[in-house]
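Thanks for coming. I will take a few minutes to walk through one chain, starting with the whole and then moving to two of its sheet regions.

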Amino acid sequence: MPIYPHIIRPLLFALEAETAHNIALAGLKKNFVPAGRLISYDSLKTNILGMEFTNPVGLAAGFDKDAVALPNLSRLGFGFLEFGTVTPKPQKGNSQPRLFRLPEDMAIINRLGFNNDGLKNFLRNFEEAKKLAQSCPLGANIGKNKETEDSVSDYILGVRALSDVADYITVNVSSPNTPGLRDLQVKPNLEKLVGSVMNEREGSYGKPPIFLKIAPDLDEQDIRDVAEVAKDMQIDGLIATNTTISRPKYLTGRLSQERGGLSGAPLRDMSTQILKSLYRSTEGKIPIIGVGGVFKGTDAYQKIRAGASLVQIYSAMIYRGPYAARHIALELAGALAEDGFSNVAEAVGVDSDKTG
Ligand SMILES: Cc1cc2nc3c(=O)[nH]c(=O)nc-3n(C[C@H](O)[C@H](O)[C@H](O)COP(=O)(O)O)c2cc1C
């Protein structure tokens, strides 16, 4: 009998959502979760922007905001891990309750508001933990403090502090829970931000690839603008998408009208559509990480066919458990083989011209 859905999940789901998350993270921090068996399929190995991935399924930002459980997470079967969002100064985030499960919808709503222990602490954890981790690309996701008026300056601090240690850096302009943050996606603001970030990165010894993470609540013109800025400013990669502020009508969860960002199954197709448009608008030249509602190998495969070079998961960790990435990667290997692809890179974008 699988332990997670039958024993661990019911116990965790009996607790308030944020308490359950903190307990799970504490268990991972103490290395309580046994390592997953290594996945070694040639069809899953991929190389993006000079980074080598044993499989394309990564952990999305927000699960471990302060990189406290990095070593244990690195042994669960993920192809890569992203930590943060970290802001220059520590901050508490919004008042509780601020995290809600919608089990009927396989979804989560959060309005955490970048609760984290700040850049200095993140850097220390990240550097220490790296030495104990199983090797895989490690990303750092950066944001701004709620009170900071000059947003760009906060991102510069993030890039400056993390360029030497992170394998890649994600500029997060898409969380719905920091007032004004998503306005940074508007073209002139985005140009200014990305220009400054790329400039700062050029001066850094480490020169990690820079990714930009966008919201699913963008229209076609917004996506074209993002693509144009990404191309003009030679941003290395894109992440599509963060959580949505929209609420599909079919949601049945009791807590579905809570304020915040919705993730999980209801986000899946919405985020895949954004990914597809972004892939088309960038002519497939900029690697994209697809995230939103990936629970199974077929979900990952769909995003890859729509244009994702890599995928990430968060909600699947809650609903499927700590080995979700491993299961998804194995299922993906099956789907690739079934369609005759010898490597995941061959499947990237094959459906990008198809509508729907
Ligand atoms: C509780 C929670 C906290 C999150 N925090 C962050 C964050 O700090 N930074 C970020 O870029 N995304 C954050 N996200 C968004 C996820 O990284 C991901 O983009 C989103 O959940 C969609 O993926 P999923 O459907 O697999 O959960 C958070 C998501 C959840 C559920």
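Of the 356 residues in the protein chain, 52% are buried. Please keep in mind that this is a predicted model. The C-alpha trace spans about 55 × 50 × 45 Å along its principal axes. For 356 residues, a compact globule would have a radius of gyration near 21 Å, and the chain's value of 19 Å agrees with that. Contacts reach far along the sequence: among those between residues at least 6 apart, 75% join residues at least 24 apart. In secondary structure, the chain has eleven helices and 13 strands.

Let me start with strand β13, residues 310–313. How are its two faces, covered or not? Both are covered, with Leu 310 and Gln 312 buried on one side, and Val 311 and Ile 313 buried on the other. That split fits the general pattern, in which side chains of a regular strand alternate between the two faces of the sheet.

Which strands does β13 pair with? One is β3, residues 57–59, which runs parallel to β13 and is joined to it by three bridges. Within that pairing, Leu 59 stands opposite Ile 313. Another is β12, residues 288–291, also parallel to β13 and also joined by three bridges. Here Gly 290 has Val 311 as its bridge partner.

Between β12 and β13 comes helix α9, residues 297–306, and the three make a right-handed β-α-β unit. The helix is mostly covered, since eight of its ten residues are buried. The buried ones include Asp 299, Lys 303 and Arg 305, as well as Ala 300, Tyr 301 and Ile 304. What covers the buried residues of α9 includes β3, β12 and β13, together with the helices α8 (268–281) and α11 (324–338). Just after α9, Gly 307 takes a positive phi of about 135°.

Now to another sheet. This one is open and has three strands in the order β5-β6-β11, with antiparallel pairing. β5 (99–102) and β11 (261–264) stand at the edges with a single partner strand each, so one side of each is left without a neighbour in the sheet. Neighbouring strands of this sheet are turned by 20° against each other on average, ignoring direction. Strand β6, residues 107–110, is joined to β11 by four bridges. In that antiparallel pair, Ile 108 stands opposite Ser 263.

That is the tour; I am happy to go back to any part of it.

Conventions: Residues numbered from 1 in each chain as written. Predicted model: local features only at pLDDT ≥ 70, side-chain atom pairs only at ≥ 80, totals over all residues. Buried ≥ 20, exposed ≤ 12 C-beta atoms within 10 Å, placed from the backbone. Pairing = 2+ DSSP bridges. Right-handed = clockwise from strand over helix to strand, strands pointing away. Axes fitted to C-alpha atoms, helices over the stretch in contact; angles between N-to-C directions. Contact = placed C-beta atoms within 7 Å. Rg over C-alpha atoms; globule rule 2.2 N^0.38 Å.
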